[in-house]
Amino acid sequence: MPLRDKPKRDGTIVQERLQKIIGRAGIASRRHAEQLILSGQVRVNGVVVRELGTKADPATDKIEAAGRTVGIGTTAQRHVYLALHKPPEVVSAMADPEGRKTLRNCLRGLPERVFPVGNLEYGAAGLVFLTNDGDLAAEMLKNWASIEQVYHVKVKGMLTLADLERIGKDVGLKMKTVRQPDATRGRAANFWYEVTMRDSKKDELRRTLMKEMHPVEKLMRIGLGSLTVEGLPRGRYRLLAEKEVAALRASLKAPRKEKEREKDNAPTHSGSTPTRRPQRQRREERPSRNSHH
């Protein structure tokens with residue numbers, strides 16, 4: 001069978017899951033690769049594969065996915081990394097069954113096939129990160145809840161400084177006033193604010209602002225991890241420099257280190273009490289200076 005582990009000449013077996021191989025090749029994200037496998041759009045050495053746990057070796061196996069070939073007889077594709085300024089009412093995907101505009105409409109002139117990492121809602125504008133590096137995409141999605149994001153949020157009406165401080169404290173995020181682009185004369189009717197938060201806080205912020213009678217009217221993501229949309233016109237994209245990709249990778253390690261520190265500093269049932277009790281006993285047993293008089 002072509003799907004069994006194949007020993008190399010030195011006796012070792014080097015195989016990986018198909019979704020990882022497909023993702024690294026830039027054909028699709030790992031999540032989308034799983035859908036390709038389940039729908040029978042993946043072949044290994046001519047055999048259709050439908051099991052997610054199937055492994056293969058690109059050095060010895062011919063892997064076909066969504067009409068593209070990976071593995072033996074093919075050349076490795078270069079990795080590209082893009083920052084794109086998504087317009088509103090564009091789907092954060094490369095295809096849409098409803099026929100709406102997608103990110104593909106903004107990627108004219110790009111020869112490589114890339115896919116977006118994470119999601120930016122249909123009505124929102126702003127920064128979207130795209131790549132064909134499946135390993136980095138998988139790492140980002142794994143840590144998505146910990147990646148810091150910065151939004152410009154337009155609400156109905158105006159919030160006071162006290163409102164910003166209170167809402168930020170209640171939801172667990174940072175809010176501040178920004179320059180109002182709509183205020184050409186006098187005061188703007190509806191105000192923009194800058195919000196720094198994790199993705200999981202977005203829905204909670206919407207609910208809170210709705211209760212405060214200041215519903216969200218517009219949303220624009222200006223920052224994702226170490227990336228920024230600054231200087232990038234709406235509907236356009238740019239290739240990221242190596243140092244920007246390195247900074248993005250580094251930003252993914254920071255949340256993991258923070259979690260490890262929290263875990264190390266967390267009190268345990270067996271650690272906190274025994275260490276303090278001997279100290280109290282020593283203080284109690286130590287005679288006071290007044291006892292000598």
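The largest pocket in this predicted model is lined by 26 residues. Those lying nearest its centre are Ser29, His32, Met94, Phe115 and Pro116. I would ask you to keep these five residues in view while I describe the rest of the site.

The volume of this pocket comes to about 690 Å³. As to the character of its lining, 15 residues are nonpolar, 6 are polar and 5 are charged.

Which elements supply at least two residues of that lining? They are helix 2, spanning residues 30-38, and strand 8, spanning residues 115-116. Of these, helix 2 provides the largest share, with 4 residues. His32, one of the residues nearest the centre, falls within the span of helix 2. Phe115 and Pro116, also among the residues nearest the centre, make up the span of strand 8.

Let me turn to the aromatic side chains. How many aromatic pairs does the structure hold? The number is 0. There is, however, an arrangement of a charge with a ring to report: the charged end of Arg100 sits over the ring of Tyr122, at 4.7 Å from the ring centre.

Finally, I come to the protein as a whole. Its secondary structure consists of 7 helices and 15 strands. The protein has 293 residues, and 39% of them are buried. Regarding contacts, consider those with a separation of 6 or more: 65% of them are between residues 24 or more positions apart.

To return to the pocket in closing, its lining counts 15 nonpolar residues, and helix 2 is the element with the largest share of that lining. Thank you for your attention.

Terms used:
Residues numbered from 1 in each chain as written. Predicted model: local features only at pLDDT ≥ 70, side-chain atom pairs only at ≥ 80, totals over all residues. Heavy atoms only, no water. 1 Å grid on protein atoms, 1.4 Å probe; cavity = no way out; pocket = protein on both sides within 12 Å on 5 of 7 lines; lining within 4 Å. Points joined across faces, edges and corners; volume = space filled by probe spheres on them. Nonpolar A, V, L, I, M, F, W, Y, C, P; charged D, E, K, R; others polar. Phe/Tyr/Trp six-rings, centres within 6.5 Å; stacked < 30°, edge-to-face > 60°. Lys NZ or Arg CZ within 6 Å of the ring centre and 35° of its normal. Buried < 20%, exposed > 50% of the residue type's maximum accessible area, 1.4 Å probe, protein only. Contact = heavy atoms within 4.5 Å.
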